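Subject: Structure for your files

Dear colleague,

Here is the structure I promised to send over. My notes on what was found in it follow below.

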Amino acid sequence: MLKLCKKCLVEKPIEQFVLNKKNYYCSPCRGCRRLQTKKWISLNPEIYKQCRKKSNEKYNNKNISIKDYKESKAKYTKKIIETLADTYVKSKLRGKAKVTTSIFPPDMIEAYRTSIKIKRLIRGAKNEQ
Ligand SMILES: [Zn+2]
């Protein structure tokens, strides 16, 4: 699948575009986005510095211990495995292949999710016997 970048006007494969949180692809390609950000930083160095400082402070103030961090990470991982979140299903689909998970269409992810559910169901039934 190809998509036209509105910035450099080049047709590029869909993996070259960032998928945003609302699940559609941003119009400038990754390269153009990077350039845009760089340009913005060079035009607004003070704002950028302040933003960086703010986010650093926020992070430092959190003061989470490594133990807490590991616990919350483990909790998160458990949750995405239990709920079969997209991130988990995609990573299982990809396996050890070094490819971007954006190549998998949603219906394929859904189908794989179903197959995991079936495996879990069978395992659960076995354990009950
Ligand atoms: Zn572009």
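Leu84 is partly exposed, with 17 other C-beta atoms within 10 Å. The scale behind that word runs as follows: a residue is buried if 20 or more other C-beta atoms lie within 10 Å of its own, exposed if 12 or fewer, and partly exposed in between, with C-beta atoms placed from the backbone. Leu84 sits in the loop between H3 and H4, just after H3, and takes a positive phi of about 50° there. Leu84 is not a glycine. Most residues other than glycine have a negative phi.

Two remarks on the source. This is a predicted model, in which local features need pLDDT of at least 70, side-chain atom pairs count only at pLDDT 80 or more, and totals for chains, interfaces and linings use all residues. Residues are numbered from 1 along each chain as its sequence is written.

Leu9 also departs from the usual sign: this residue is not a glycine, yet has a positive phi of about 55°. Leu9 is in the loop between strand E1 (2-4) and strand E2 (11-13). With 8 C-beta neighbours inside 10 Å, Leu9 counts as exposed.

Overall make-up

The protein has 5 helices and 2 strands, and their order along the sequence is β-β-α-α-α-α-α. Helices (H or I, at least four residues) and strands (E, at least two) are DSSP runs, numbered from the N terminus. The radius of gyration is 21 Å, well over the 14 Å that the globule rule gives for 129 residues, so the protein is more spread out than a compact globule. That radius is taken over C-alpha atoms, and the globule rule is 2.2 Å times the number of residues to the power 0.38.

Along its principal axes the C-alpha trace spans about 65 × 45 × 25 Å. Of the 129 residues, 3% are buried. Take the contacts between residues at least 6 apart in sequence: 22% of them join residues at least 24 apart. Two residues are in contact if their C-beta atoms, placed from the backbone, lie within 7 Å.

Where H4 meets H5

Helix H4 (residues 86-94) and helix H5 (residues 106-128) pack at an angle of about 90°, and their axes are 10 Å apart. The two helices are therefore roughly perpendicular to each other. For the terms: angles under 35 degrees count as roughly parallel, over 145 as roughly antiparallel, 65 to 115 as roughly perpendicular and the rest as oblique. Axes are lines fitted to C-alpha atoms, for helices over the stretch in contact, and angles run from 0 to 180 degrees between N-to-C directions.

Which residues make this contact? From H4 they are Asp86, Val89, Lys90, Lys92 and Leu93, and from H5 they are Ile109, Tyr112, Arg113 and Ile116. By type, the contact has 5 nonpolar residues, no polar ones and 4 charged ones. Ala, Val, Leu, Ile, Met, Phe, Trp, Tyr, Cys and Pro count as nonpolar, Asp, Glu, Lys and Arg as charged, and the others, Gly among them, as polar.

The helices one by one

H5 has 23 residues and reaches 33 Å from its first C-alpha to its last, close to the 33 Å expected at 1.5 Å a residue. The expected span of a helix is 1.5 Å times one less than its number of residues. The number of buried residues in H5 is 0, so this helix lies largely in the open. Asp107 is in H5 and is exposed, with 8 other C-beta atoms within 10 Å. Asp107 and Asn60 are 47 residues apart in sequence, and their C-alpha atoms are 41 Å apart in space.

Helix H3 (residues 66-82) has 17 residues that should span 24 Å, and its end C-alpha atoms are 24 Å apart, which agrees. H3 also has 0 buried residues, so it lies largely in the open.

Helix H1 (residues 30-43) includes Ser42. H1 has 14 residues and reaches 20 Å end to end, C-alpha to C-alpha, close to the 20 Å expected. H1 is hardly covered, with a buried count of 1 among its 14 residues. Ser42 counts as exposed, with 9 C-beta neighbours inside 10 Å. The C-alpha atoms of Ser42 and Thr100 are separated by 30 Å, at 58 residues apart along the chain. Thr37 lies in H1 as well and counts as exposed, with 11 C-beta neighbours inside 10 Å. Thr37 and Ile116 are 79 residues apart in sequence and 40 Å apart in space, C-alpha to C-alpha.

Regards
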